Amino acid sequence: MISSEPKIKVGIIDRYTEVSGAFREKYKITEDVVVSGEFRAVVKEGKIILYGGKDIELLCAAEIYCRPVNEGEFLLNDVIFGINFHWERKESQIFQGALHLIARSDGTLTAVNEISVEKYLASVISSEMSATAPMDLLKAHAITSRSWLVAMLEMKKEYSLLGIPSQRTQRTDEVLIRYYDREDHDLFDVCADDHCQRYHGITKIISDAAQQAVNETHGIFLVYENKICDARFSKSCGGISEPFETTWQEQHIPYLVPVSCSVQHQYKEITTEDEAADWITSSPEAFCNTTDGNILRQILPSFDQETTDFFRWKVVYTAEELSEIVCKKSGIDFGRIENLIPIERGASGRMTKLKIVGSNKTLIVGKELEIRRWLSKSHLYSSAFIVNKVGDTFILTGGGWGHGVGLCQIGAAVMAVEGFKAEEIVKHYFKNAELQKLY
Ligand SMILES: [Zn+2]
Ligand SMILES: [Zn+2]
């Protein structure tokens, strides 16, 4: 395990043809060149050309590493975030630490922000949660995010040594099972979007509350058998959390096992289609079964507040709409979709395998993320849904938001409001894990 604070590489923009911004303090781009003020970078013949103000060429190289001379800040224009989500938007963002510009072989460039883990966390917690959220929620989130992040850095080293690919696909004529893991990114550790964790640098002032939560948990990790826990989290479990293997590889992880999002009820895991239908069409007592605007505002940034129907939800398609979406998203011509048949589900009812029956083609698809992607223009909230076909209409009735593995963010928020401490919250969702201060 680690014994000092690691640094993290965050991909801010990826595969753009040009980037512009400003160094708000002095930055060193070579041993003897120090710059400040506006800049622009373009790619030409596999190299990045960095221009300063008045378009003066500063440097041309395959990679340009811009290091702050002291405590530096830089700004990037037109950063897109919420990619592929209904609230996608574009804004200028400000970052601390180093800027690394890298040319890709396809003629695009990538901008990476290198920053210390604790600073990164303060920004993430501050942008993901309201400053008015209860301190124990912020602390629980800081511990979870820190563990997730550093476990991933460790795993990445291990995986690249072993040569394990980031996307695993098992494909035959009848079945396509695919999942994606976090070592998805080649040039950086995490992206700045929801795919990893939303990160806006210091664009918005880091709240005192977020900073306090990070300071008070400085270096504290979830640990299981002398290893930092791979502490996954998602928005709402829907009442029961999923084990790791529902979303990723077939591997039993003792602290990522199904738990009730409740201390009053120990819900039974779902094993049959009838149980799935009963569960999904009911509204069981659960921490994340809330529509309390005051609680949701604490954990969902303003652009997410449109979403309040996450615990139980409904999506309706005509056969024509559905056929078009599935064809477009899967790249497979199913013809007219005639039926959707659940084949296998995890503990919370999330499907790991779904059979799509079309007039041209029938195929079983998995795992949960692939199902969510194929059946929606953006993403379905979750793969825990049942299908009712009424005439020419498909009604998908579902529960939960996200993969449902590990900590339930909305459930954790409600626990904190009800007075549970950060340690109780993380230990509720990560069974068998312990807390340990590593630096
Ligand atoms: Zn990512
Ligand atoms: Zn929950």
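The exercises below, each with a worked solution, go through parts of a predicted model.

**Exercise 1. The zinc site**

Find which residues coordinate the zinc ion (ligand 2), and work out which geometry the donor atoms adopt.

Solution. Begin with the donors: the zinc ion (ligand 2) is held by the SG atoms of Cys 237, Cys 261, Cys 288 and Cys 408, at 2.3 to 2.4 Å. Next, take the angles that these four donor atoms subtend, which run from 105 to 116 degrees. Four donors count as tetrahedral if all angles lie between 85 and 135 degrees, and the arrangement around the zinc ion (ligand 2) is therefore tetrahedral. Finally, look along the chain, where the donors follow the spacing C-x23-C-x26-C-x119-C. Cys 288 belongs to the loop between helix H5 (273-280) and helix H6 (293-299), while Cys 408 belongs to strand S23 (residues 407-408), so this pair ties together parts that are 120 residues apart in sequence.

**Exercise 2. Cysteines, buried or exposed**

Decide whether Cys 288, Cys 408 and Cys 196 are buried or exposed, and state how many disulfides the model has.

Solution. The cut-off needed here is that a residue is buried under 20% relative accessible area. Cys 288 has a relative accessible area of 0% and is therefore buried, and Cys 408, with 1%, is buried as well. Cys 196 has a relative accessibility of 9%, so it too counts as buried. For the second part, a disulfide requires a pair of cysteine sulfur atoms within 2.5 Å, and by this rule the count is zero.

**Exercise 3. A sheet and the helices that lie on it**

Describe the sheet that contains S17, S21 and S22, going from strand order to pairing, and then place helices H5 and H7 against the strands.

Solution. The sheet is open and has three strands in the order S17-S22-S21, with antiparallel pairing. Strand S17 (312-318) and strand S21 (385-390) are at the edges with a single partner strand each, so one side of each has no neighbour in the sheet. On average, and with direction ignored, neighbouring strands of this sheet are turned by 20 degrees against each other.

Now take the pairs one at a time. Seven bridges join S17 to strand S22 (residues 393-399) in the antiparallel sense, and within this pair Val 315 is opposite Leu 396 in S22. S21 and S22 also run antiparallel and are joined by six bridges, with Asn 388 opposite Ile 395 in S22. These two strands, S21 and S22, make a hairpin with two residues between them, and Gly 391 in the turn has a positive phi of about 60 degrees.

The helices come last. H5 packs on the sheet and touches S17, S21 and S22, its direction making about 95 degrees with that of S21. Helix H7 (residues 319-330) lies across S17 and S22 and runs at about 95 degrees to S17.

**Exercise 4. A covered strand**

Work out how many residues of strand S9 (residues 98-103) are buried, and identify which strands pair with S9.

Solution. Six of the six residues of S9 are buried. Sorting them by face shows that both faces are covered, with Ala 98, His 100 and Ile 102 on one side and Leu 99, Leu 101 and Ala 103 on the other. Strand S6 (residues 63-68) pairs with S9 in the antiparallel sense over four bridges, and here Glu 63 is opposite Ile 102 in S9. S9 also pairs with strand S10 (residues 109-116), again antiparallel, over six bridges, and the bridge partner of Ala 98 in S10 is Glu 114. S9 and S10 form a hairpin with five residues between them, in whose turn Gly 107 has a positive phi of about 85 degrees.

**Exercise 5. Backbone exceptions**

Most residues other than glycine have a negative phi, and most peptide bonds are trans. Locate Glu 45, Glu 225 and Lys 367, and say what the backbone does at each.

Solution. Glu 45 has a positive phi, near 50 degrees; this residue is in the loop between strand S3 (34-44) and strand S4 (47-51), and it is exposed with a relative accessible area of 79%. Glu 225 has a positive phi near 45 degrees, lies in the loop between S14 and S15, and is exposed at 66% relative accessible area. The peptide bond from Gly 366 to Lys 367 is cis, with omega near -5 degrees, and Lys 367 is in the loop between strand S20 (362-366) and helix H8 (368-374).

Terms used. Residues numbered from 1 in each chain as written. Chains lettered and ligands numbered in written order. Predicted model: local features only at pLDDT ≥ 70, side-chain atom pairs only at ≥ 80, totals over all residues. Heavy atoms only, no water. Donors = N, O, S within 2.8 Å, 3.2 Å for Na, K, Ca; no water. Tetrahedral: all angles 85-135°; square planar, octahedral: opposite > 155°, others 65-115°. Buried < 20%, exposed > 50% of the residue type's maximum accessible area, 1.4 Å probe, protein only. Pairing = 2+ DSSP bridges. Axes fitted to C-alpha atoms, helices over the stretch in contact; angles between N-to-C directions. Contact = heavy atoms within 4.5 Å.
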